[in-house]
Amino acid sequence: MNKFFINKQSGIKPNGISKWFFWLIGMLALLIGMGSNLSCPISGQAANNLQTYTQPFQNSTTTLSGDAVEANMYFIKMDYWQVKKVTINLNFQISQLANRETSDITLSLNGTKFYSFRPKKETGLQTRAIEVPLRLIQGENQLKISGQILNKKGQQSSQLVQTPANWLTIYNGANANFEYRLQPPTTAIKSFYAHFSGTDTIANANSVITLPHQASNAELSAGMYALTGEARTITTENTQIPVTTADTAVAKQADYQLVIATYQHLPKVFQQQLDRQRLREHAVIKTYGRL
């Protein structure tokens, strides 16, 4: 939707489906409504509450072979988080033949190595919780896991020759756990959008798209366009942004609401925020907060 308005302002004339969307949005009044925290700053108590969010890595169980192994994983941090602590949780297993005295695993974040360890002297699944230096955290983060898996040779030393028995398996379920405080949203549309599309907001069912009862085809289509645009931000298969009406329980509980409707279908509280004369040839995007 941001891209649409950039195109409109630059004078680009869309065609096909894009032309329909251009006309459709031009006919609609779009109101972005925010919950209780927009019209006034978040209270000191709410701002100081420590939040937690666990972000699973999008990796399936992977086996790496060779005396030197390497794997890459990715995670993101929301701009409105004041991060206090980040912990990487790993589930892994190494070859039963590996020498625990010489095999090692190293983690690096965004190109900087920060932690090395040796596997425990046991076979089977192992877990490891590793705290990440906050100075290394960026918005988009690449975690690299590398190491050497050296096998036993007799009772004394290890061999450096690569064989099928040099392996490290990293299981799915690895994740990054964040502890953070929320930066309060402002009245800016970009601030609302950041919170509305945030991974923690969506995972906590705190974002919703609302449409009128008995929505017109145009309103339904606009709602589906909005949902499609937001789907790219969802990082897990079991989370979604509901599309519903304003009187449902899920909508009433969500602090961040994207309200889409023609003027006559908007609730009166929203109609009062708009100049109807501006809607004859244009759409309106507006933030609104209520206590």
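## A tour from the core to a buried aspartate

Start by selecting Phe-75, Ile-88 and Leu-107: among the 35 residues of the largest nonpolar core, these touch the most other members. A nonpolar core is a set of buried Ala, Val, Leu, Ile, Met, Phe, Trp, Tyr and Cys residues joined through side-chain atoms within 4.5 Å, and buried means under 20% relative accessible area (1.4 Å probe, protein chains only). You are looking at a predicted model, where local features need pLDDT of at least 70, side-chain atom pairs count only at pLDDT 80 or more, and totals for chains, interfaces and linings use all residues. Residues are numbered from 1 along each chain as its sequence is written, and side-chain values use heavy atoms, with hydrogens and water left out.

Next, colour strand 5 (81–94), which gives the most to this core, with 7 residues. (Strands are DSSP runs of E, at least two residues; helices are runs of H or I, at least four; both are numbered from the N terminus.)

Now zoom in on Ile-88. Its contacts (heavy atoms within 4.5 Å) include Phe-57, Phe-75, Leu-107 and Arg-128, not counting residues up to four places away in sequence.

Apart from this core lies another, of 12 residues; select Phe-196, Tyr-256, Leu-258 and Ile-260, which are among them.

Finally, go to helix 5 (residues 199–203) and pick Asp-200. What is 11 Å away from Asp-200? Lys-77, the nearest side chain of opposite charge; Asp-200 is buried yet has no salt bridge (a side-chain nitrogen of Lys or Arg within 4 Å of a carboxyl oxygen of Asp or Glu). Show its side chain with that of Tyr-80 to find a polar contact of 2.6 Å.

How values were computed
Buried means under 20% relative accessible area, exposed over 50%, partly exposed in between (1.4 Å probe, protein chains only). Lys and Arg count as positive and Asp and Glu as negative; His and the chain ends are not counted. A polar contact is a pair of N or O atoms within 3.5 Å; within protein, one must be able to donate a hydrogen and the other to accept it, and residues adjacent in sequence count only if both atoms are side-chain atoms.
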